[in-house]
Amino acid sequence: MKDMNLQNCQYNSCTSRGICSVNPKTASLQNVLILYLYLISEYCLKLYQKEAVDNETIEMILECITATVSIPEFSEEIFWQNINKLKNLLPQLINKYNEIYEKADFTEEDIFSSDIFKRSKNIVDAINLGEELAKKFSDKFSSTIRDLYKLILVIAKSISLNMLDLKSFEPTDNDGFLKVVEILSLINSGTDDVNKLKEELIKASETNYCLIKKLHQMHENKYGKQEITTVSYTTVPASAVLVVGYNIKELEIILEALKNTNIDVYTHGDMILAHTFPKFKKYEALKGQYGYGVENCLVDFSTFPGPIILTKHSLHNIENLYRGRLYTTDENFSKGVIKINNYDLTDVISTAYKMKGFKKGKICEVSLVGYDYKKVDEDIRNALDSDKYKRVFVFGESKFCEPQKRYFEKLINIADEETLIISSSRSSDKNNLIHINSCYDPFGIIRIVDLLKDSKISINIFFPKCNRNTVAECIYISNVLKFNVFIGECAPIMLNPSIKRLLNETFSIIPMTTPKADMEKILLQEF
């Protein structure tokens, strides 16, 4: 048996094949969609304050936000699907605003005659418009303001995704939506006040932090308290389906739909989290985990001998991947992916049987995932109460690649006895190290951070890998809790170099470099 963090994946198809970036055509079309969202946000903000925005409108806007900033390559069909929704919605919001506020600053006729409305009627004009918008944006604002605006979209996406996941369980309050339209309306106002933008981004990161905690509570209410469990990477001879993404509610729906078939189900990437919930143990078809995650989706997907289901809001660029067996439940999806409507898996089942799945299977080691929250909490409190430590290092989950393994091994070795290490990346027999197996758990770091937030000693949080919440988490932990935050290399689709520089310069989030250099930075800040 090995724990989650001893896996070794040396090949990163995400960067080696460049499949984690956005192509120019998609970027231009995204710019057009984003401009509509800017305009809509201004009216939504004022109407929401009058309780005049319905849940259907809120959900549609959240879905459009995820499409504009989450899909590296979408089809023209998906572009038109979203643009037509926004075109229909904007005049309705303007009319409602004019009626409630008894104003007519902007009318429905103004929209229909506007340049953006007329130039988003065919794909060539839309692409040209998107390119022009990018140039105007670049000419008008400094690089810092441009990056702050981009960061607003990143945080808006995180909030939107968490809200939509919450809504898949039950209706929830819409405070997150209010924060989304507030920060988007800042862009629409064209403000170049760095301090104002920074302040609002910090507030938005706090909103997202609360949403993650709510989502985790929802998971445990429905699926039971998380447990330490073993997850197999062994494949067995049978037809098989791979389920990808974050949305464990959809994994449950898929397992229920397949339970009377002889098709096995494997999880991929962050979906491994589902194995830690007791309710999922009742599904005999759920065999284990396959592959190494988003950074290696090219290899993982191409070698899996069955249909692959991308659950809602999965973050994968499949431009270079084999088509015809990739499915999604999402309303917004990339080219070549087959849409699953109303969770009808008939075509998925047919494809699984045609492909025949694993012929021989392969025996692999199992991985230990999850951890005993109560014991870890107790160990951390006892360590802090002992007054032995001057500082705390918290290591987030790693990408399992060799450079990161070496980084944490060296950092553990050079850390003195006055350093308490709480690690979900590397285990060690050192007395000052508490190892946890958070296994892609977006709540794992938050739980540890909450335990440490009243501590008076130096707290240092390391994020070796990125997920959809990492940027927002880093901003909150660094700027609200005032901890030192270090961030590693991330796929460009999640965190590009320009945004990473902004996080360092404006939000004091430090890029991980070498163990020695990073240790020196920490020690210097303690004096």
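1. Start with one residue pair: V485 has I509 of strand 15 as its bridge partner. Strand 14 (residues 484–487) and strand 15 run parallel to each other, paired over three bridges. Two strands pair if DSSP finds at least two bridges between them. Strands (E, at least two residues) and helices (H or I, at least four) are DSSP runs, numbered from the N terminus.

2. A word on the basis. This is a predicted model, in which local features need pLDDT of at least 70 and side-chain atom pairs count only at pLDDT 80 or more, while totals for chains, interfaces and linings use all residues. Residues are numbered from 1 along each chain as its sequence is written, and side-chain values use heavy atoms, with hydrogens and water left out.

3. Strands 14 and 15 belong to an open, parallel sheet of six strands, ordered 12-11-10-13-14-15. Strand 12 (433–435) and strand 15 (509–511) are its edges, each pairing on one side only. On average, neighbouring strands here are turned by 20° against each other, direction ignored. Helix 18 (residues 497–507) lies across strand 14 and strand 15, at about 135° to strand 15. Contact means heavy atoms within 4.5 Å. Axes are lines fitted to C-alpha atoms, for helices over the stretch in contact, and angles run from 0 to 180 degrees between N-to-C directions.

4. There is another open sheet of six parallel strands, in the order 5-4-3-6-7-8. Its edge strands are strand 5 (286–289) and strand 8 (338–339), each paired on one side only. Strand 3 (residues 240–244) pairs with strand 4 (residues 264–268) in the parallel sense, over five bridges. There, V243 stands opposite T267 of strand 4. Helix 11 packs on this sheet and touches strand 3, strand 4, strand 5 and strand 6 (308–310). The direction of helix 11 makes about 165° with that of strand 4.

5. Helix 11 (residues 248–258) also carries E252. The side chains of E252 and K222 form a salt bridge, 3.9 Å from N to O. K222 sits in helix 10 (residues 194–223), so the pair links distant parts of the chain, 30 residues apart. A salt bridge is a side-chain nitrogen of Lys or Arg within 4 Å of a carboxyl oxygen of Asp or Glu. The count by this rule is 25.

6. Now the helix pair. The axes of helix 2 (residues 24–49) and helix 4 (residues 76–101) come within 9 Å and cross at roughly 25°. That makes the two helices roughly parallel (angles under 35 degrees).

Technical notes. Parallel < 35°, antiparallel > 145°, perpendicular 65-115°, else oblique.
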